[in-house]
Structures are given as C-alpha cells and as structure tokens.
Amino acid sequence: MRVTSNYYAQILNSISATQKSEQTDIQQLATSKRVNRPSDDPTAAAQEVGNLASTADAAQYEQNISSAQSLLQSASSALSLVVTALTSAITQGVEAGNGTLMSAQMTQLASSISGVRDQVIGLANTSVQGVYLFGGTASGNPPFQLNAAPSTGVSYVGNSSVNSIPVGNNQSVQSNVPGDQIFAAATGNVMQSLTDLINAVQANSATAIQTATAEVQSAVSTVSLQQQIYGSATNQLTADNTSLQSETVSLKSQENSLVGADIATIATNLTLAQTSQQAALEAMAKVAPMSLLNYLQ
Amino acid sequence: MGTLNSIMSIAGEGLQASQASLNVTANNISNSDTPGYTREVVNLTESQTVQQGGLNLGTGVTMQGFTSVRDQVLQLQINDQMQQAGSSLAQSNALQQLETGFSSASGLGTGLTAFFDSVSQLSTNPASSALRQTVMSSASTVVNDFHSAAISISQLQTGLNETVPKSVTEINQLSTQIANLNAQIISAGMSGQAPGALVDQRDRLVSQLSQLTSLQTTHTPNGDTLSTGDGAPLVVGSQAFALTSATGTDGLQHVYQGGTDITSSLTGGSLGGTLQVRDGELPALQTKLDNLASQFTSAINTANQAGFDVTGLAGKPMFTTSGTTGAAASIQLALTSSSQIAASSDGSAGSSGNLSKLLAVQNTALASGMTPVDAYSDLVYTVGNASAQAQTSNTATNAALSQLQAQQASISGVSVDEETTNMIRYQQSYQAAAKVISTVDSLYQILISMGSTTA
C-alpha cells in the first residue's frame, strides 16, 4: 500500500475524536450525570421522567402528611379539652345531685355548667387557618351555635361530609370527623347532655340531675372514642411518612443508577482519553517533520 | 550499426522524457495539498526498434502523455457514504436541537407532575385561596409547557423547511457546473488533451452534490450521468436539469423535477436528512404531543365538571383546545378565577371530594393507553432515540468515509517522498542523457579532426 501524507488527516481525526470523548467525560463529571440529554440513553431518560414524577409526588405526599397531622392534632387536642370540660360538668352534676345544696348554690352551679357548655361550643368551633375542624365540609363558618329552639339547646349548621387528603398513590387519610358525629351523636350526645344537665340543675330535680349526669358520662365516652380515631389516623400518618422517606431514598438511588455518572469510571476514561490524545500529538510531532528532503543536501 | 546521429537523437528523446517526467513530478509536488487533486504519472514506452544488419536496434523512449491515477469505483463508494453522512448529520443536528425541548428533568414532565401535586396540596385545605392560586399557576405552567414543546417542534420544522429552497438552488448550481465540465472533458478528449484536471474538478463537484442529495452516478462515454434517488435526471452529458421547489398543499416546500413531486424519494444528503426529519419525525412527534394535550384536557375537564366550585356552582372545563390537531399549541386555561376550581363534591366550599377525581387523571391511562406523565416519557424516548440513532449512524458513516478516503489517498494522493525519489531519478537520467550527448559530441570532434595534422 502506498502511504501518502493523508496521515495528517488521520491524526487530526483521532485528536478530535479523543477531544470529543474528553468533552463528554468532563460534562459528565461536572453534572455528575451520565445522561445529560435524551439521546445519551433514551431508555434511561424516559424512565427518569417517571422517576422524577414519583419523587416530586412523594415530596408532596410528605407535605400533605404534615398538613394532615397538624389538622388531626388540633382536632385531637380540642377533644381532650372537651373531655376535661365534660369531666368538670360531671363533678358539678354529682355535687348538684347530692341534695344538700341551697337553691342559690344550685343556680350558681347551673350557670357554671352553662359556662362549661359555652366552653365546649367554643372548642367544637375550633378553627385552623379559617377551617372549622368540626363542621364537616361546610367548614367556612362556626358549625355550632347556641339556640334555645331545639331540645339540645345548640344547633349544628355544618354537614356530615368528610374530606380526605391524599398521602400516597391511591392512598388517602380522612382529615375530619363531622361535628354532629362527635357532639350530637345518637348515643352520648354532648350538647344534649349538657343542656339536660343545666335544665335539671335549674329545675333542682334530683332524678333528672342523675339521669343527665349519666348522659354526660356517656358523652365523654363518645368523645373519647372519636378522639381515638384521630389518634390512630395520626399513627398511620407517622408510619406513612416513614415509608415515604424510605421511598424517596430508594427513588433517589434508582435515579442515580439510571442517569447518574460513575465518577471512577469516567475519571479513568478521561485519563485514557488524555493519554491517547497525548500519544496522537507526539506521533504528529515526530512524524510531521520527517521528509526525504531533510536528508538530501 | 547505429550512427552517431541516431545515438544523438536517442539521447535527445531521453532528455525530453526526463524533462516531461520532471514536469509531472513538479506538478504533483505543487499540488500535494490541493483538495481533490489526483496524482499523475508519465506514460513512457520504448520506441519502435529498427532492424539494421540483422540487429534490432533500440531507438529510444517515447513519451505518450500522462494519466491521472484514479479508482472510479472507490469514488462512487465515497459519494455513497457522503450521501449517508450528509443525511445523518442533518438529522442529528436537527434532532439535537429538539432534545432541549424534551428534557427529562424539565418541561412538560415536571409541569404535569407539579400540577397534580398542587391539586393534591389543595386537598389539605380546599377553601384556601392561596392553595387554589397555586393550582391556577401550575395549570398555566402546564399550558406554557405544552406551548413551548409545540413551538420547539414547529420552529424546527419551519427552520428545516427554509433550507429546502436553498439546497435546491445549490444542487442546481452544482448540476450546471458539472454539465459544463462534462462538455469540456468530452472536447478535451477529442482534441487529445489529458482531461485530468477537469475530471478532478468534476469529481469534487459530484462529491459536494452527494453531500446535498441522493445521487446515482453512471459513467458514460459522454460524461457522467447523474440522477436523484428515484432516477429523476440532474445531469445527462452536457445538459443539466434543474430541480424546482414550491410550497405544497401542506404549506411545506416540495421539490419538483419537471413537474413531478420527488420530495419523498429524496433520502440521501443533507436535503434528504432535512426532509426526513421535517416530514417523518416531526409530524409524528407533533401528533403524539397533540394527542396528549387533547386527551389530558378532556380528562381534566370531565373531572372538573363533575364537581362544584367555591360558590357551589357546577364545575366548568378547566382547559380549552381547538380540536385535536394543534391541541398542544392551542391549549389555554379556561378558568378565569381560582374559585372556579371544582374541588367540592357536595357543593360546600370546604369539600375536597372532587379533587380526588382530578388527581385520578394522574394515574389513569388516557385514550393513548398511557398516563399523562408516561405519555411525556414516551415523547422523551422518541426524541432521544431518533437523535441517538442519527448520531450513531453519522459516526459510523464518518468512520467508513474516512477509511475510504484513506484508501483513495493511498491510490490517488501525492507522496512527497515518492516524488522526491522520482525527481532524483529523472535528474540522474537527464544528466546521463546529457552526458551521452556530450560524449557523442566529443566523438564527432575526433571524427572531424581525423586526418588533419595536429598542432
């Protein structure tokens, strides 16, 4: 085979090829990513789309969980205060029922229990950021109002609907318990029992006071039962949060193995490219000045 | 026996042959770096012998001219590879531009996810106007993302379309020049001149033409015949046939040869690559994107219409598009206020029941059989794969091309060392022939002074 000065072109080709591979290596090192554009690895790039979506979803679910937890905790602590208030009403009911009190003291107790009812109404109207926690989905206004007309003495203007908050793929948590279910249940009606107790103390009827006190006691267990719903939801959320965190970690590691750069390999490749570029340059420097003419003087 | 005169004339021919050879060597050396130059060699033959006294006597050397050392089959192979290299380069350049619009880590994919996440967040407080506003702004981000994806396709299509008439003009210029050279080569051949330089020029132009378009070359005694892929002639002998370009019914530039639309048959060269991306990859992507936009719109609209807004009114469509074709470019946010987001399933402002319907769109297959994010992921794959294939094919053809070019250089290229060696050879043979002449001359002197007295 004849050899002509075309080797200049070949050396240039090989220098530009190694430079291109160096550029790729440097870009991968700089971004720590093996796939910087879809054509670098179309399959991985397409999978990365889904991976990033799942990662963003998981972050949102974690945020939702924290919002849900704060709602549930506010509701739960309101209910704890309701139980405390109802317990004090029971104490006063027992005091009123032992038949040793003067009528002035009875009036005082009646107004004190009425104060307890106001406090319970206030707690039932607890709101977080403008949302009334016990109004069902009609949560824009205070759901409980004093109203002499119904026998319960309190009217409920909320509804019986519930909301749920998504906390995972096809997974959601109930974020509220409607107020009528807690404070106006068929058995253990909180508002009814307090109103009955107030009326009984005012009427100074020992039997009525006893019955009403028992009603309040039954109301306490209703409220405690509902409070447990919040408690177990909170526990569920804590578990969900933990699993989301580990999901995020595994998504991150998937992402890394999909499109992440293997730094050690790239660094090795870069060294190889540099070596071969250096070799090409040295070859060029040695071969280029060689000519027969140098030896013919 | 040969006479002194015949020796003199033999040596004279030797001088001429050496001079002619040196001439070729000088020309080769001068053109050693000229692109497209094919080295020449001198054709020397032994002159006819004469019979004298029963002996065959040599009469010297005859210079029959020079030949360019070329391999026509190799040249055809190179032109073939150049068509493929031109085509894959044009495709790879175009598709790489498109890749930036279809990234995995930005654009529509993240836009869609952010939209669904904002809906998910609204579930935590459906009456909150701040959270509703977040949904509105993420919805308009989705709209913008659809627009910019659609624009990145249509802009590229427009850009590619604009290059078509330019390529056609270039092709026509080259065809005309090649036809002229064909004519000159034929007439040079008839007048007995070596057409090497003209053929070099023509081969260079044919190579340039190969980079532009599909090309079939046939060598004929009347010069090269060139035609496009499906046989539409570009050059026949000394005649060039111009291509024309005009806007077709689809609003894109089409290429015509004598009234026939040959657009779809052009696959090679940069024009072929451009047309393949313009008429193949881009419309396919556009359709996928439009389908996604219209199917996403209809799914979200159905979900929003199933619920009630803040004031308890029935939900309205959230997005509008004008038809399926062009849906991605025409999609708009139809809601004018964040209060119109139909979060409620029971008509009360605090209900988030209907948001689960909106959220369900995220993980439900659309009519395309894919969820919205999967459909975008499919677009990313399609763009990435097309671009990667074009790049791979370009790298492969370039490697093949440089092999062929090395082979061609080995046959037709000038080796300065070889020419230097030749130069010394011709110099020495010139010196030797001159020495013969001076020897014969001294023999004449002896002959003339024979018989005369020496001083």
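**Close-ups of a predicted two-chain model**

**View 1. A small stack of strands in chain B: three of them make an open, antiparallel sheet, ordered β9-β10-β11.** This is a predicted model. β9 (244-247) and β11 (260-261) of chain B sit at the edges with a single partner strand each, so one side of each has no neighbour in the sheet. Helix α4 (residues 129-190) of chain B packs on this sheet and touches β9 and β10 of chain B. The direction of α4 makes about 25 degrees with that of β10(B).

**View 2. Zooming in on how β10 (residues 253-257) and β11 of chain B pair up.** The two strands run antiparallel and are joined over two bridges. Look for Tyr256(B), which has Asp261(B) of β11(B) standing opposite.

**View 3. Inside the largest nonpolar core, which counts 68 residues.** Leu289(B), Tyr376(B) and Val380(B) have the most contacts inside this core. Leaving aside residues up to four places away in sequence, Leu289(B) touches Ala149(B), Ala150(B), Ile153(B), Ala328(B) and Leu379(B). Another core, of 56 residues, lies apart from that one; Val82(A), Ala96(A), Val173(A) and Ala184(A) are among its members.

**View 4. Where the chains meet: 43 residues of chain A are in contact with 50 residues of chain B.** On the chain A side, α1 (7-31), α2 (42-97) and β5 (164-168) each supply at least two of the residues that touch chain B. α2(A) gives the most, with 16 residues. And what is the side of chain A that touches chain B made of, in nonpolar, polar and charged residues? It divides into 17 nonpolar, 22 polar and four charged.

Methods: Residues are numbered from 1 along each chain as its sequence is written. Chains are lettered from A and ligands numbered from 1 in the order in which they are written. This is a predicted model: local features need pLDDT of at least 70, side-chain atom pairs count only at pLDDT 80 or more; totals for chains, interfaces and linings use all residues. Two residues are in contact if their C-beta atoms, placed from the backbone, lie within 7 Å. Helices (H or I, at least four residues) and strands (E, at least two) are DSSP runs, numbered from the N terminus. Ala, Val, Leu, Ile, Met, Phe, Trp, Tyr, Cys and Pro count as nonpolar, Asp, Glu, Lys and Arg as charged, and the others, Gly among them, as polar. Two strands pair if DSSP finds at least two bridges between them. Axes are lines fitted to C-alpha atoms, for helices over the stretch in contact, and angles run from 0 to 180 degrees between N-to-C directions. A nonpolar core is a set of buried Ala, Val, Leu, Ile, Met, Phe, Trp, Tyr and Cys residues joined through C-beta atoms within 7 Å. A residue is buried if 20 or more other C-beta atoms lie within 10 Å of its own, exposed if 12 or fewer, and partly exposed in between; C-beta atoms are placed from the backbone.
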